[in-house]
Amino acid sequence: MKLWQKVFLYTLILVMLAVSMTSILLLKNSFSFALDQKKQSVYSEHEFLVTSFKSMMITERLKENAIVLEEKKLKKFMEETFGKNDKGSGILFCNAQNEQVYSNREMLVPAGLLEAVRDTGKSYMQVDGYQLYTASAESMEGKTYYVVMENDISDVMEIHENMLWQIQVISMVCAVVIALILLVVVKILLHPLKKINEGTRSIAQGNYQERIPERGHDELSELAHNMNCMAEAVETNVQALEHVAEDRKHFIDNLSHEMKTPLTSILGFSDLLQIKKDITEESRIEYAGIIKSEATRMRTLSGKLMELITVGETNLDWKQEDMGELFSEIGTSLKVIADNRNMNLACESEPGNLCVDRELFKSLLYNLVDNAVKASAEGSRIQVKGRFEDGQFYIEVLDEGVGIAKEEMEKITQAFYMVDKARSRANGGAGLGLALCEEIVSLHQGKMKFESRPGEGTRVLIRMKGGLSYA
Amino acid sequence: MIKILIVEDDANIAKLMEATVAIGGYEGIVCNNGAEAFEEIEHGNYDLILLDVMLPDMNGFEIMQKRTNTETPVIFITAKQELTDKVRGLRLGAEDYIVKPFEAMELLARIEVILRRVKRTENIYSYGNISVNVEEHTCKSNGEEVYLTPKEFEVLVFFIQHKDVAISRDRLLAAVWGFEYEGETRTIDIHIQQLRKKLNLKDKLVTIPKLGYRLESAKEQ
């Protein structure tokens, strides 16, 4: 059963029970009140009758000149006094032997009534059908007589029955009206639940951007809100996953392109060498040279790629290294590259300890300086500086090269992105250097920033956490 | 001479393509930049264009969309091997789509097919005292007609088109019988023997060990 049906049914049953109980109780009360009143008046009537009959009997005694009236005389006197009467109250006299002495009409005394009077000695009232019987024991003329009165109480009973019927009708009408109102109210109250249901189903089907309307401040709007939070979290995660998948696809696309370009030349020229009959010495040397240089390019690419892939996976050797020493050591090996192109390289750092992986750190500086060398003209200056400041270590690589245009800035750390493809290739670049640097810096919990002006040079600033200066 | 525009930004690959088309006897003109290539396509007079997709300044797809000179057939030559790229390239009106890395003979064969389709190839080839008419499907040796089976005829034409080039059995199978042919390379040997016998080419159509066959130039006769 649906929730709205349950709520509706249970509420309806409860309300109906409450209404009927109340009305039945009220009816019962009012009926017993009316009956009591009736009993009171009947009782008074009974007393009045007995009292007046007794006094009339004294008069009769005087008139008859008898000390005690015989039962026969009494009966006669009763007949004279009350006569026969079908309307009004029925009156009946009985002697102690339960024999009827007189009645003003045919009366059927309910069983047990007289016995009850005799046993208790008090007057007694009993309802039988639409009749109210009042009985009392009176001592008259030295004997005990029972006086029974029969009064019609059909008016009270009829009113009671009428009201009972009315209440039933009213209850039915009420039930219908309440049911209708309840139905509308329950539907309105549970409407948000339906919306939540629909929304959740839609979200579950993959419409992660779908949101459930949040109205009011009740539990349902809270639920809707929480559902929305969940959907948002799912959406963010899915987007992140999609982003990762897209990045990966992009990477693979680029990789396959970068692999295919040298491969095409290698295969093509070796094919030519194989199938052509006459090849001039000149072409043979040229073709072989191209094959060799393209193969070298592939070797560089695969080497860089391996480095990039394994950088995060290999067990890193974290050690406190003295930056002053490390920088001068790296400077010496980098000087060879700079000297080849007549460049002035300065590589120095303030002394102090920093926890790094020596090999990765070397690779980082090597790649940055390699980039600077490739971007700069012969005879220009390249500076690599390290310094400790505010508990952090800063590395700065400055060159006076061609610089990087603003729109290129965001893309330069992407794998395989090359600002100038032709120049990069001529220099044997694979477009992976900065991607590798970024990976290394993030492994050292650092941040890398580029500042550049086209034509004037580039400044790379790296900030790494921690570090202890000797200064 | 048939002129082919080679649009390729990698200098080595451009050189390779130039050398390859030269084998087929075509003149290759290299262009390494998208925007320049667009100008060349619009205003130059070429018989065929070999177009790379990833180019500086303007990519190959853009060039295809913008060009107004749609007469010249285009073959895309690219490293992008996804089906969507291929479909896109062909939808834009390219005649063919070759994925890098490609083999020299494959490129030549595809160029040949397209040039034949647009009727820019010659109909009559001659080799020494043999002359072949592709249109009429006839072959004459010393003015006398020689009967060749259709496959023998196609093999002969293929060799004449690629004089002095060593042609592997697989390549020949692919070119004459189609890429899906799953027969034995032995079939080739039988056809070659027939050709040698019928046209007296025993010294010219030479076997190259471990590779295939080569038709030597007639000049040296």
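**Group meeting: a helix, a crossing, a sheet and an interface**

Okay, let's start right after helix H1 of chain B, where Gly25(B) follows the helix and has a positive phi, near 85°. Before I go on, keep in mind that this is a predicted model.

So, back to H1(B) itself. The helix covers residues 11-23, which is 13 residues. How far should those 13 residues span at 1.5 Å a residue? The expected figure is 18 Å, and the end C-alpha atoms sit 19 Å apart, so the two agree.

Which residues of H1(B) are buried? You've got Asn12(B), Ile13(B), Ala14(B), Lys15(B), Leu16(B) and Met17(B), and then Thr20(B) and Val21(B). As a reminder on helices, there are 3.6 residues a turn, so residues three or four places apart point the same way.

What do those buried residues pack against? Within chain B, they pack against strands E1 (3-7), E2 (27-31) and E3 (48-51), plus helix H5 (104-117). From chain A, they also meet helix H5 (219-275) and helix H6 (281-310).

That takes us to the interface. Here 20 residues of chain A are in contact with 20 residues of chain B. On the chain A side, H5 and H6 each supply at least two residues, and H5(A) gives the most, with 14 residues. If you care about chemistry, that side of chain A divides into six nonpolar, seven polar and seven charged residues.

Now over to chain A for a helix pair. Helix H8 (residues 358-375) and helix H11 (residues 433-443) have axes that come within 9 Å and cross at roughly 145°. The crossing of H8(A) past H11(A) is left-handed. Who's touching whom? On the H8(A) side, the residues include Leu360(A), Leu364(A), Leu368(A) and Asp370(A). Across from them in H11(A), you'll find Leu434(A), Cys437(A), Ile440(A) and Val441(A), among others. The residues of this contact come out as nine nonpolar, four polar and one charged.

Last stop, a sheet in chain B. It's an open one with three strands, in the order E10-E12-E11, and the pairing is antiparallel. Why do E10 (167-168) and E11 (205-208) of chain B each have a side without a neighbour in the sheet? They stand at the edges with a single partner strand each, so one side of each is left without a neighbour. E10(B) is joined to strand E12 (residues 212-215) of chain B by two bridges. If you want to find one on screen, look for Ile167(B), whose bridge partner in E12(B) is Tyr213(B).

Terms used: Residues are numbered from 1 along each chain as its sequence is written. Chains are lettered from A and ligands numbered from 1 in the order in which they are written. This is a predicted model: local features need pLDDT of at least 70, side-chain atom pairs count only at pLDDT 80 or more; totals for chains, interfaces and linings use all residues. Helices (H or I, at least four residues) and strands (E, at least two) are DSSP runs, numbered from the N terminus. The expected span of a helix is 1.5 Å times one less than its number of residues. A residue is buried if 20 or more other C-beta atoms lie within 10 Å of its own, exposed if 12 or fewer, and partly exposed in between; C-beta atoms are placed from the backbone. Two residues are in contact if their C-beta atoms, placed from the backbone, lie within 7 Å. Axes are lines fitted to C-alpha atoms, for helices over the stretch in contact, and angles run from 0 to 180 degrees between N-to-C directions. A crossing is left-handed if the near helix is turned anticlockwise from the far one by less than a right angle, and right-handed if clockwise. Ala, Val, Leu, Ile, Met, Phe, Trp, Tyr, Cys and Pro count as nonpolar, Asp, Glu, Lys and Arg as charged, and the others, Gly among them, as polar. Two strands pair if DSSP finds at least two bridges between them.
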